[in-house]
Amino acid sequence: MSSSAPQTSQVHLVDHPLVQHKLTLMRQKDASTNSFRRLLNELSMLMAYEVTRDMPMQDVQIETPLETMNAKVIDGKKLVLVSILRAGTGILDGMLTVVPGARVGHIGLYRDPKTLQAVEYYFKMPKEMQERDVVVVDPMLATGNSAVAAVDRIKALKPKSIKFVCLLTCPEGIATMHKAHPDVPIYTAAIDRQLNSHGYILPGLGDAGDRIFGTQ
Ligand code: URA
């Protein structure tokens, strides 16, 4: 396999009909801010379901109305959801609905419009990252520059594991991410055709931040 080809073994395409249906509604240019945000919230809950599938469980002793039993729980406090600002907030909200015990980190990155490189303006993570499993969220894995910059910074804190969740990506974004971080699995609802010269995904859904916050 050439180094620029996506290594699909690390890409988890979430092709559940509910995910695909909601994504199609979100892509449509006349979807309102309100419905875009609601659909993103719902879709993020479904993505959380996939990305937490292999989370470690622990046994706790509980009392049912009939007897004592050992039952399993996820240690939500060991999970850190890291949102890449600002569009990551849209996924974060939905995921927190399903994993309310998760800690949250934020990375502020903007894309220099000329170079398309990521420039950091904010970084705040929970303490004791060495004990935690990290899920980085950003709706669009496009050039891959922001994702790589975010994972570079998080890896320096030596967490137990890192996964990346987006709604949409493209071959270019996957290749960039895999080249820098081949050990980080990507969870996505779709792999679109390509990037355009402005770093937007085609056919895509437009600017995710503008569509979530109604800033266009
Ligand atoms: N960011 C977006 O919001 N949309 C794209 O298509 C690419 C990057």
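Start by selecting helix H2 (residues 33–51) and helix H3 (residues 88–98) in this predicted model. Their axes lie 7 Å apart, and the packing angle is about 60°, so H2 and H3 are oblique to each other. Turn the view until one helix lies over the other: the crossing is right-handed. To see what fills the contact, show the side chains of Leu 40, Asn 41, Ser 44, Met 45, Met 47, Ala 48 and Val 51 on H2, then Gly 90, Ile 91, Asp 93, Gly 94, Met 95, Thr 97 and Val 98 on H3. Colour them by character and you should count eight nonpolar, five polar and one charged residue.

Keep H2 on screen and add helix H1, residues 17–27. Here the angle is about 155° and the axes are 10 Å apart, which means that H1 runs roughly antiparallel to H2. The H1–H2 crossing is left-handed. On the H1 side, pick Leu 18, Val 19, Lys 22, Leu 23, Leu 25 and Met 26; on the H2 side, pick Phe 36, Leu 39, Leu 40, Glu 42, Leu 43, Leu 46 and Met 47. This contact has eleven nonpolar residues, two charged ones and no polar ones.

Now for some backbone details. Most residues other than glycine have a negative phi, and most peptide bonds are trans. The next four stops depart from that pattern.

- Select Leu 85 and Arg 86: the peptide bond joining them is cis, with omega about 0°. Arg 86 sits in the loop between strand E4 (79–85) and H3.
- Move to Leu 202 and Pro 203, also joined by a cis peptide bond with omega about 0°. Pro 203 belongs to the loop between strand E14 (201–202) and helix H6 (208–213).
- Go to Glu 128, where phi is positive, near 50°. Look for this residue in the loop from strand E6 (118–124) to strand E7 (133–137); Glu 128 is partly exposed, at 47% relative accessible area.
- Finish with Lys 158, whose phi is about 55°, again positive in a residue that is not a glycine. The loop between helix H4 (145–155) and strand E9 (161–165) holds Lys 158, and this lysine is exposed, with 61% relative accessible area.

For the last stop, select Cys 166 and Cys 170. Why do their sulfurs form no bond? The sulfur of Cys 170 is 9.1 Å from that of Cys 166, its closest cysteine sulfur, and that is too far. The structure as a whole has zero disulfides. Try a surface view too: Cys 166 is buried, at 0% relative accessibility, and Cys 170 is likewise buried, at 0%.

Methods. Residues are numbered from 1 along each chain as its sequence is written. This is a predicted model: local features need pLDDT of at least 70, side-chain atom pairs count only at pLDDT 80 or more; totals for chains, interfaces and linings use all residues. Side-chain values use heavy atoms; hydrogens and water are left out. A disulfide is a pair of cysteine sulfur atoms within 2.5 Å. Buried means under 20% relative accessible area, exposed over 50%, partly exposed in between (1.4 Å probe, protein chains only). Axes are lines fitted to C-alpha atoms, for helices over the stretch in contact, and angles run from 0 to 180 degrees between N-to-C directions. Helices (H or I, at least four residues) and strands (E, at least two) are DSSP runs, numbered from the N terminus. Angles under 35 degrees count as roughly parallel, over 145 as roughly antiparallel, 65 to 115 as roughly perpendicular and the rest as oblique. A crossing is left-handed if the near helix is turned anticlockwise from the far one by less than a right angle, and right-handed if clockwise. Contact means heavy atoms within 4.5 Å. Ala, Val, Leu, Ile, Met, Phe, Trp, Tyr, Cys and Pro count as nonpolar, Asp, Glu, Lys and Arg as charged, and the others, Gly among them, as polar.
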